[in-house]
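The following exercises are to be worked through with the sequence and the model at hand. Each task is followed by a solution in steps.

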Amino acid sequence: MALRRLRHEPIEYITQNMRFRNLTFEVARPVTIPDKTSEGLVDIVHQLVPEQNEHVHFLEVETGCGACILSLLKVNYDRGVQRNNTCI
């Protein structure tokens, strides 16, 4: 583990999990890990979109673990969908 950190490998890949807005995600390469500024983006969306609004749809397209979309769905609808098995 220490050798991996010396090579600047993110701790999230070493432990195979990460926290994002009170949710825990299992992560491994090639899945990208969101940085802390992504949480700010989610905060902005939460402020702009009323909770439980059935007319609002979210779409996240990227190579990440789905942390942003899943945290939005958790707060707004208490549910989420993730179709990429590599990311789960």
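**Exercise 1: The internal cavity**

The largest cavity encloses about 40 Å³ of space, in a model that is predicted. Determine how many cavities of 30 Å³ or more the structure holds, which residues line the largest cavity, and how its lining divides into nonpolar, polar and charged residues.

*Solution.* Step 1. The structure has one cavity of 30 Å³ or more.
Step 2. The lining of the largest cavity consists of Thr32, Pro34, Glu60, Glu62, Gly64, Cys65, Gly66, Ala67 and Cys68.
Step 3. By class, this lining comprises four nonpolar, three polar and two charged residues. Glycine is counted here as polar.

**Exercise 2: Chain architecture**

State how many helices and strands the chain contains, and give the pattern they follow along the sequence. Then describe the chain through its burial, its contacts and its exposed area.

*Solution.* Step 1. The secondary structure consists of four helices and two strands.
Step 2. Along the sequence, these elements follow the pattern α-α-β-β-α-α.
Step 3. The chain has 88 residues, of which 28% count as buried.
Step 4. Among contacts with a separation of 6 or more, 41% are between residues 24 or more positions apart.
Step 5. About 6500 Å² of the chain is exposed, and carbon and sulfur atoms supply 53% of this area.

**Exercise 3: The nonpolar core**

Identify which residues of the largest nonpolar core touch the most other members, and which element gives the most residues to this core.

*Solution.* Step 1. The core has 13 residues, and those touching the most other members are Met18, Phe20, Phe25, Val27, Val42, Cys65 and Ala67.
Step 2. The elements giving two or more residues to this core are β1 (17-20) and α4 (67-77).
Step 3. Helix α4 gives the most, with six residues.
Step 4. In soluble globular proteins, nonpolar side chains tend to be buried together.
Step 5. Consider Val27 in particular: apart from neighbours within four places in sequence, Val27 contacts Glu12, Gln16, Asn17, Met18 and Cys65.

**Exercise 4: The environment of Ser71**

Locate Ser71 in the secondary structure, and explain why Ser71 is classed as buried, exposed or partly exposed.

*Solution.* Step 1. Ser71 belongs to helix α4.
Step 2. The relative accessible area of Ser71 is 2%. Because the cut-off for burial is under 20%, Ser71 is classed as buried.
Step 3. Leaving out residues up to four places away in sequence, Ser71 touches Phe20, Arg21, Leu23, Val42 and His46.

How values were computed:
Residues numbered from 1 in each chain as written. Predicted model: local features only at pLDDT ≥ 70, side-chain atom pairs only at ≥ 80, totals over all residues. Heavy atoms only, no water. Core = buried A, V, L, I, M, F, W, Y, C linked by side-chain atoms within 4.5 Å. Buried < 20%, exposed > 50% of the residue type's maximum accessible area, 1.4 Å probe, protein only. Contact = heavy atoms within 4.5 Å. Areas by Shrake-Rupley, 256 points an atom, 1.4 Å probe, with all protein chains shown as cover. 1 Å grid on protein atoms, 1.4 Å probe; cavity = no way out; pocket = protein on both sides within 12 Å on 5 of 7 lines; lining within 4 Å. Points joined across faces, edges and corners; volume = space filled by probe spheres on them.
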